[in-house]
Each structure stands twice: as C-alpha cells, then as structure tokens.
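Student: Take me through one part of this model slowly, please. I'd like to know what pairs with what, and what the side chains around there are doing.

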Amino acid sequence: MVYARTKAAAASLSRLVQTGEMVKEYIACVHDVPPQIGDWEDLLFKDSRKNKVFVVKRERSGVKKARLEFTRLSEGEESLVRIRLHTGRSHQIRVQFSSRGYPLVGDHKYGSRSPKTEPMLFCCCLTFPWQGKTLRFELLPDWACR
C-alpha cells in the first residue's frame, strides 16, 4: 500500500494507477493446479446487493473488462501463483481464478473448501515511476515462503 503525504502526491499516484504505470503484483494460494502461465481476460459484473462479482459472457450495463497475467510458482492440492493485474476490478483475482476452478484457499465466498477463514491473497509488489526513478517495493507473506 502506498500513502501520499500531500494532495499533489495523491493526485500523481492516482494518475499512475489510471494510466497503468503503477504495476501491482500479488501472491495467491489457490486450490488445485492452474496452468503454468496465463493471461486471462474476462467481463465482470458486480452485484452490489450480494457484494459478489460474476464472470459474464457479454457486455451490458455495469459490466467491466478485467485482465490479469499469472505464473504458477508451485503446484499441488494448493498451488502458489504470482499475479500481475492489468485492471483493478472489485474481487477480480478471486473471481477470475474461481470461475476456472481454482478458488483462493480460504475464500469461502468464491468456492474455497479450506478450513482457513481468510483468502490467501497478498499484494507483494508495487512498481511505479517517481521523480525520475523507478520505485519497487516487494515483500512476500510468510505463507508464500515455503
């Protein structure tokens, strides 16, 4: 997470997010074994009454395009994946993996069968240009260091 100390910095950071210059990467633990690599594009619809998001087949009012890329880091009953978001939609990672049969471990809203009570999803890296330099901040959660 990045915090701005001034309004000007906040505006600059917002612009980086909107233009795609801020790269966000995540680590997730998912059920089963997804492909080694992937580049998934879907149409997502958010049902605000249920606070749930669904993959849909066609564009219509309220539907937004979502894209992510990933690499599988380990495989087994639970697999680790590293994900790069190209869009930042509500519940995007959770929905896109679950819709293909790989729900996040601990994410019962989207199909996990694990006794864990929280989705195993962690923003592990932010990269963005700032004042003529490229800044990169990276940290892995303990559960990803196995």
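Tutor: Let's start at one end of the sheet: P129 has T134 as its bridge partner in β7. Strands here, like helices, are DSSP runs numbered from the N terminus (helices are H or I with at least four residues, strands are E with at least two). Before going on, keep in mind that this is a predicted model, where local features need a pLDDT of at least 70 and side-chain atom pairs count only at 80 or more, while totals for chains, interfaces and linings use all residues. Residues are numbered from 1 along each chain as its sequence is written, and side-chain values use heavy atoms, with hydrogens and water left out.

How confident is the predictor? pLDDT is its confidence in each residue, from 0 to 100, and the chain averages 94, with 99% of the residues scoring at least 70. Helix α1 (residues 7-19) has the lowest mean among the elements, 88, and helix α2 (residues 92-98) the highest, 98.

Back to that corner. P129 belongs to a pairing in which six bridges join β6 to β7, running antiparallel. Strands count as paired if DSSP finds at least two bridges between them. The two strands make a hairpin with two residues between them, and Q131 in the turn has a positive phi of about 50 degrees. On to β1: this strand pairs with β6 over six bridges, again antiparallel, and K24 stands opposite L126 of β6.

Zooming out, the seven strands form an open sheet in the order β3-β2-β4-β5-β1-β6-β7, with antiparallel pairing. The edges are β3 (52-56) and β7 (133-138), each of which pairs on one side only. From one strand to the next, the twist averages 30 degrees. Helix α1 lies across β1 (23-31) and β6 (121-130), running at about 110 degrees to β6; axes are lines fitted to C-alpha atoms, for helices over the stretch in contact, and angles run from 0 to 180 degrees between N-to-C directions.

Now walk to the other edge. Five bridges join β2 to β3 in antiparallel fashion, with L44 standing opposite V55 in β3. This pair is also a hairpin, with four residues between the strands, and N51 in the turn has a positive phi of about 50 degrees. Strand β2 (residues 37-47) is joined to β4 (residues 63-72) by nine bridges, also antiparallel. There, I37 has T71 as its bridge partner in β4.

R72 sits in β4 too, and this is where the side chains get interesting to trace. R72 counts as buried because its relative accessible area is 12% (buried means under 20%, exposed over 50%, partly exposed in between, with a 1.4 Å probe and protein chains only). The side chain of R72 reaches the backbone oxygen of P34 at 2.6 Å. That is a polar contact: N or O atoms within 3.5 Å, where within protein one must be able to donate a hydrogen and the other to accept it, and residues adjacent in sequence count only if both atoms are side-chain atoms. Setting aside residues up to four places away in sequence, R72 touches V33, P34, P35, Q36, S79, L80 and V81, where contact means heavy atoms within 4.5 Å.

S79, one of those partners, is in strand β5 (residues 78-85). With 0% relative accessibility, S79 is buried, and its side chain reaches the backbone nitrogen of G76 at 3.3 Å. Outside four places in sequence, the contacts of S79 include C29, V33, P34 and R72.

That brings in the cysteines. C29 is buried too, at 1% relative accessibility, and so is C124 at 2%. The structure holds zero disulfides, a disulfide being a pair of cysteine sulfur atoms within 2.5 Å. Why is C124 unbonded? The closest cysteine sulfur, in C125, is 5.9 Å from its own, too far for a bond.

One last stop, in the loop between α2 and β6: G101 is there. At 35% relative accessibility, G101 counts as partly exposed. Beyond four places in sequence, G101 is in contact with H31 and D32; its C-alpha is separated by 8.0 Å from that of D32, 69 residues apart along the chain.

Note on methods. pLDDT = per-residue confidence, 0-100.
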